[in-house]
Amino acid sequence: MPRFAALHLTNTLITAGMLGVLYAFLAATVIRLRVKSRVSFGDGGDPELLAGIRAHGNFGEYVPFILILMGFVELAGGSPAVLMASGIALVGLSSSWVVGTTPNLAKYSFEKRMLFTAVARPLLRTLLTSVV
């Protein structure tokens, strides 16, 4: 075995890449709302901007921690099928979170956004049980 073996984090890196796209979307949404509201710092009392800031913030607070844990499991030799299922679940649930909380999607009623979230979770559950 070579002195420095290559680290294989395939599932974690693929998941991180997909989540990076979602995070960029949330960041762009906050930028768009700041320009629209003409607010550089804080939320300026704009509830739409506040919702965008919190959606972006919550994503940035929790997703990196979960990805780090996935990386540790993958480095420890965890099951690739379980890691793949975890990555699919994380991306799917994060996507439903983005759709459900992003003001950018306010053209859809709150009920339609929550319906998407309610439908996405059982579909992901079904997908995960078929993968694992």
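Here are a few notes on this predicted model, from its overall layout down to its core.

1. Ground rules. Residues are numbered from 1 along each chain as its sequence is written. Local features need pLDDT of at least 70, side-chain atom pairs count only at pLDDT 80 or more, totals for chains, interfaces and linings use all residues, and side-chain values use heavy atoms, with hydrogens and water left out.

2. Layout. The protein has 4 helices and 0 strands, so reading from the N terminus you get α-α-α-α (helices are DSSP runs of H or I, at least four residues; strands are runs of E, at least two; numbering starts at the N terminus).

3. Burial. Of the 132 residues, 31% are buried (under 20% relative accessible area, with a 1.4 Å probe and protein chains only).

4. Helix α1. With 28 residues at 1.5 Å each, α1 should span 40 Å (1.5 Å times one less than its number of residues). Its end C-alpha atoms are 41 Å apart, which agrees. Its buried residues include L19, L22, L26 and V30. Just after α1, R38 has a positive phi of about 60°.

5. The core. Which helices give two or more residues to the largest nonpolar core? That core has 12 residues, among them L22, F59 and L90 (buried Ala, Val, Leu, Ile, Met, Phe, Trp, Tyr and Cys residues joined through side-chain atoms within 4.5 Å). The helices are α1 (10–37), α2 (47–75) and α3 (80–101), and α2 supplies the largest share, 5 residues. In soluble globular proteins, nonpolar side chains tend to be buried together.

Technical notes
Buried means under 20% relative accessible area, exposed over 50%, partly exposed in between (1.4 Å probe, protein chains only).
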